[in-house]
Amino acid sequence: MLYKLSDIFDLQMGKTPSRDNNMYWKDGNLPWVSIADLSKSQIYIENSKDMITNLAAKDTLMKCIPQDTVIMSFKLSLGKTAITKTPLYTNEAIMAFIDKKVIQIEPIYIYFLFRNIKWGQYTNNAVKGKTLNKKFFSDFQIYIPEYTQQTKIASILIRIDKILEYKHSLIKAYDVLIKSRFVEIFKNNKAHIAIGELFQVIDGDRGKNYPKATDFFDEGYCLFLNAKNVTKNGFCFDTVQFITQQKDEQLNKGRVLPEDIILTTRGTVGNVAYCDIKSSHKHMRINSGMVILRSKDIIYDVDFITYVLSNQINYSKEISGSAQPQLPISKLKDIMIPFPEIFLQKDFGYSIKQINKLKSDVQKSIDETQLLMDSLMQEYFG
């Protein structure tokens, strides 16, 4: 049956006590949840980074949100949802849906229902970003089946969600294992080398012939790499742009060859991808927000080097600009990276390959499980 949210829930917005009053925050013992806390939570939430005092709650007339209440962000980061595991308070960007007991409601059913809704389509473009409001929620209708059906759906979805949570924890554990393996092998290493000594550093063409928006196509002669194509985990070709052979021939720099390493130098600095035979296109160029690292005559293990470039360098010290962070090539060349004996590099490179194979198997399982979750969510709530 369809219900307006205001018919079955008391809609309660949080507040932020004055930061200027130290007595509202110092030695606080009451959880005060923000969007950042919601973003880090799983299904249930009970802890918060900031805590408020009883005086803060009293002076600001804040109402405590009961346990087992669904809360959701409705400003900026829309739709971050959780269920309270303990009584708590929230800031003004979070709405609490307090059960009026009009009908029997399973909070986990509401949690997954809210997660499935594309809230952005209902927003107003406020000065500080997209937002919803209390009137919208009051009038918004949702479908609530019989309680037995709610619990059945909730039971199925929470089991799948727990499986996904476990598999994501495995990925994190493998990353920790790689880091510990790195420390184990190289804790006594003192050998370093400058990036500019190990590689030719080649930037993309920035001249008058640089492609304009009208020069890009979904298919074409030459793949033109942009920031979306180079991630923390290597290449990503979910979205690609191509240029014609004629436009490719007009460019002077930035052609990618097999065995080149690509490193992003603008925006998200330090993402790395290796152009092996499988990932390389016959014709490929980079845009001006990345560089090609092309091997000189020094032997190295590519798995070791790409890991170091991606995970062991603090690029922030060399970055200039704030609106669009950028790593100058001159500074990149001078960065010193660990460079132990080749047999140690290969030892670590072998470890990475084995662990990454395990990660790949888990990620494939995650993708399949997520597909099942999405399908069921569509079936139950679509």
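The following paragraphs go through a predicted model, from the whole chain to one helix and then to its salt bridges.

The chain holds 11 helices and 23 strands, and its C-alpha trace spans about 75 × 50 × 40 Å along the principal axes. Of its 382 residues, 46% are buried, while the area that the chain exposes comes to about 20900 Å², of which carbon and sulfur atoms supply 51%. If one considers the contacts with a sequence separation of 6 or more, 76% of them are made by residues 24 or more positions apart. As for charge, the chain carries 50 positive and 42 negative charges, and the mean positions of these two sets are 3 Å apart.

From the whole chain we can turn to helix α9, which covers residues 302-311. Because 9 of its 10 residues are buried, this helix is largely enclosed by the rest of the structure. The buried residues of α9 include side chains of varied chemistry, with Val-302, Phe-304, Ile-305, Tyr-307, Val-308 and Leu-309 among them, together with Asp-303, Thr-306 and Ser-310. The N-terminal end of α9 is capped by Asp-301, a side-chain oxygen of which lies 3.2 Å from the backbone nitrogen of Asp-303.

Asp-303, whose backbone nitrogen takes part in that cap, is itself placed in helix α9 and also has partners elsewhere in the sequence. Once its neighbours within four places in sequence are left aside, Asp-303 is in contact with Gly-349, Ile-352 and Lys-353. In the C-alpha trace, Asp-303 and Ser-351 are 9.4 Å apart, although 48 residues separate them in sequence.

The remaining paragraphs concern the salt bridges, of which the count comes to 15. One of them joins the side chains of Asp-99 and Lys-101, with an N to O distance of 3.9 Å, and since the cut-off for this kind of pair is 4 Å, that distance falls within the limit. In this pair Asp-99 is partly exposed, at a relative accessible area of 23%, whereas Lys-101 counts as exposed, with a relative accessibility of 66%.

A further salt bridge is formed by Asp-203 and Lys-253, whose closest N and O atoms are 2.9 Å apart. This pair links distant parts of the chain, for Asp-203 belongs to strand β14 (residues 199-203) and Lys-253 to the loop between α8 (245-250) and β19 (261-264), with the two partners 50 residues apart. Asp-203 is buried, with a relative accessible area of 15%, but Lys-253 counts as partly exposed, at 36%.

What are the surroundings of Asp-248, buried or exposed? With a relative accessible area of 1%, Asp-248 lies under the 20% limit and is therefore buried. Its salt-bridge partner is Arg-285, and the closest N and O atoms of the two are 2.4 Å apart. Here too the pair links distant parts of the chain, Asp-248 being in helix α8 and Arg-285 in strand β21 (residues 284-286), 37 residues apart. Arg-285 is likewise buried, with a relative accessible area of 5%. Elsewhere, Arg-181, Glu-184 and Asp-347 are joined into one network by salt bridges that share partners.

Technical notes: Residues are numbered from 1 along each chain as its sequence is written. This is a predicted model: local features need pLDDT of at least 70, side-chain atom pairs count only at pLDDT 80 or more; totals for chains, interfaces and linings use all residues. Side-chain values use heavy atoms; hydrogens and water are left out. Helices (H or I, at least four residues) and strands (E, at least two) are DSSP runs, numbered from the N terminus. Buried means under 20% relative accessible area, exposed over 50%, partly exposed in between (1.4 Å probe, protein chains only). Contact means heavy atoms within 4.5 Å. Accessible areas come from the Shrake-Rupley method with a 1.4 Å probe; for residues, only the protein chains shown count as cover. Lys and Arg count as positive and Asp and Glu as negative; His and the chain ends are not counted. The place of a charge is taken as NZ of Lys, CZ of Arg, CG of Asp or CD of Glu. A polar contact is a pair of N or O atoms within 3.5 Å; within protein, one must be able to donate a hydrogen and the other to accept it, and residues adjacent in sequence count only if both atoms are side-chain atoms.
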